[in-house]
Amino acid sequence: MKRVLLLLATALGIAGFALLPQEAAVSAPAAETSTPVTMTCSRPVLDVATGQPVSIGGIPWYAETGDTIQSHEWQGRTRYEYGGRRYHYIGGVAGPNRVFIVEDCTQPQAPPAPAVPPTVTRIADDVYVFSHSGYTTMFIVTDEGVIVGDPIGNARARLLKDAIQAVTPLPVRYMVYSHHDADHNTGGAVFKETATYVSHVTAKDKIAARNDPNSPVPDITFEDRMTLRLGRARLELSYVGRNHSDSSIVTLYPAGRVAFIVDFAPTNSLPFGTRNEDYVAEWIESLRRVEAMDFDTIIPGHGDPGPKEWATKVREYFQDLITAIENAERLGLAPRSPQMIASVRAALFPKYGSWDVFGPRLPDNVRGMYEYWDRMGRFPVR
Ligand SMILES: [Zn+2]
């Protein structure tokens, strides 16, 4: 596998590239037929086969040095590996058996595309939402400094730092990682002069294992809950069980009536296809715990903030998805078959057809449920 990648890199003339994680080699038997795709740093990723931007949920994807994606065929479908994780679905990328390698940002590059400015929105007195190229984070300005959510990538973290400095001269005192996924918590080193890093205990080792100088290892971790105080501000951090990952937390700011919740209560979008690290039964329970919390607005990791009701809607989506799959089984439709997916699609469309990425992501969610059941067993839906 290493040899294949070296050949690819040589063919591309790429000096700096990231090796695929060990797991990728196991699950990508067809890599020899891969077609490499060149990506540049912090610019929309172009697929050299089509010349079209690669997108996630319809939003252009911005690559950074060291990002590596592999797509390959597995059980009749295209699967992806990204950020060291297996089976991370990336909607909109077409075609099997391609290796995507991000070239070293220090290498000479093509003329830069026009810079896309971030969006910074003040949604409460002291709460700001920062969005750029499909990713969202937040920061809270207290009387003694700033508390930030995820850094959301090296290039975005630099823009985030500029955005904070445009609002306040106070330093960033805390960075609270939402979970361990690299795409959300890379880049926090831009605040390392002044910040203390906080995460769930499970995230710490996984972040440390990446050994990425741009991603400081958490200084403070907690298991169930933790109160974070800075000046007159108080944040309640809580672990609500496994869901999209085993390290996802809720960062609740009662005074602003907001909660920063990444990747497990998406606002106006289907969840990612369930993958090796998803826990659907516990996910449903964790959403119930979010529903019981007292706040108004979810700040997500992708897209725009939305009302807390999205936690309820996403829970109902999982329940309805499972019911629709089981009804299709009763009709005799084969698991994962196109006929089953069509049946589930027809059942869910009236209630969920208007959500983002309903079209491309639903098949992945159906297949993902079977992957979850294969791994964890069936469970009663209630
Ligand atoms: Zn994630």
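Two residues are in contact if their C-beta atoms, placed from the backbone, lie within 7 Å. Among the contacts of the protein chain between residues at least 6 apart in sequence, 64% join residues at least 24 apart.

The structure on display is a predicted model, in which local features need pLDDT of at least 70, side-chain atom pairs count only at pLDDT 80 or more, and totals for chains, interfaces and linings use all residues. Residues are numbered from 1 along each chain as its sequence is written.

**The whole chain**

Begin with the entire protein chain, which has nine helices and 19 strands. Helices (H or I, at least four residues) and strands (E, at least two) are DSSP runs, numbered from the N terminus. Of its 382 residues, 45% count as buried. A residue is buried if 20 or more other C-beta atoms lie within 10 Å of its own, exposed if 12 or fewer, and partly exposed in between, with C-beta atoms placed from the backbone.

**Stop 1: helix H5**

Select residues 201-210, which form helix H5. Which residues of H5 are buried? They are Ala203, Lys204 and Ile207. Looking down the axis of H5, one finds the buried residues within an arc of 110°, so they line one face of the helix; the arc is that of the directions from the helix axis to the C-beta atoms. To see what this face packs against, add helix H4 (182-185), strand S12 (196-200) and strand S13 (220-222) to the selection.

Next, centre the view on Ala203 in helix H5. Ala203 is buried, with 24 other C-beta atoms within 10 Å. Leaving aside neighbours within four places in sequence, the contacts of Ala203 are Tyr177, His179, His180, Pro218 and Ser247. For His180, the C-alpha to C-alpha distance to Ala203 is 4.8 Å, although the two are 23 residues apart in sequence.

**Stop 2: two residues with positive phi**

Move to Asn211, which follows H5 and belongs to the loop between H5 and S13. Its phi is near 50°, a positive value in a residue other than glycine. Is Asn211 buried or exposed? With 8 C-beta neighbours inside 10 Å, Asn211 counts as exposed.

Then select Asp263, in the loop between strand S17 (258-260) and H6. Asp263 is not a glycine, yet has a positive phi of about 70°. Asp263 is buried, with 20 other C-beta atoms within 10 Å.

**Stop 3: helices H6 and H7**

Display H6 (residues 280-291) together with H7 (residues 309-330); the two pack at an angle of about 155°, with their axes 9 Å apart. H6 is therefore roughly antiparallel to H7. Axes here are lines fitted to C-alpha atoms, for helices over the stretch in contact, and angles run from 0 to 180 degrees between N-to-C directions. Angles under 35 degrees count as roughly parallel, over 145 as roughly antiparallel, 65 to 115 as roughly perpendicular and the rest as oblique.

H6 passes H7 in a left-handed crossing. A crossing is left-handed if the near helix is turned anticlockwise from the far one by less than a right angle, and right-handed if clockwise. On the H6 side, show Val280, Trp283, Ile284, Leu287, Arg288, Val290 and Glu291, which meet Ala311, Thr312, Val314, Arg315, Phe318 and Gln319 in H7. By class, this contact of H6 with H7 has eight nonpolar, two polar and three charged residues. Ala, Val, Leu, Ile, Met, Phe, Trp, Tyr, Cys and Pro count as nonpolar, Asp, Glu, Lys and Arg as charged, and the others, Gly among them, as polar.

**Stop 4: helices H7 and H8**

Keep H7 and add H8: their axes come within 9 Å and cross at roughly 145°. The crossing of H7 and H8 is right-handed. In H7, highlight Tyr317, Asp320, Leu321, Ala324, Ile325, Asn327 and Ala328; their partners in H8 are Met340, Ser343, Val344, Ala347, Leu348, Lys351 and Tyr352. These residues divide into 10 nonpolar, two polar and two charged.

Select Thr323 in helix H7 as well. With 14 C-beta neighbours inside 10 Å, Thr323 counts as partly exposed. Thr323 and Val344 are 9.0 Å apart, C-alpha to C-alpha, and 21 residues apart in sequence.

**Stop 5: helices H8 and H9**

Finally, show H8 (residues 338-352) with H9 (residues 358-376), which pack at an angle of about 125°, with axes 10 Å apart. H8 and H9 are therefore oblique to each other, and their crossing is right-handed. Met340, Ile341, Val344, Arg345, Leu348 and Tyr352 in H8 meet Phe358, Leu362, Pro363 and Val366 in H9. By class, the contact of H8 with H9 has nine nonpolar, no polar and one charged residues.
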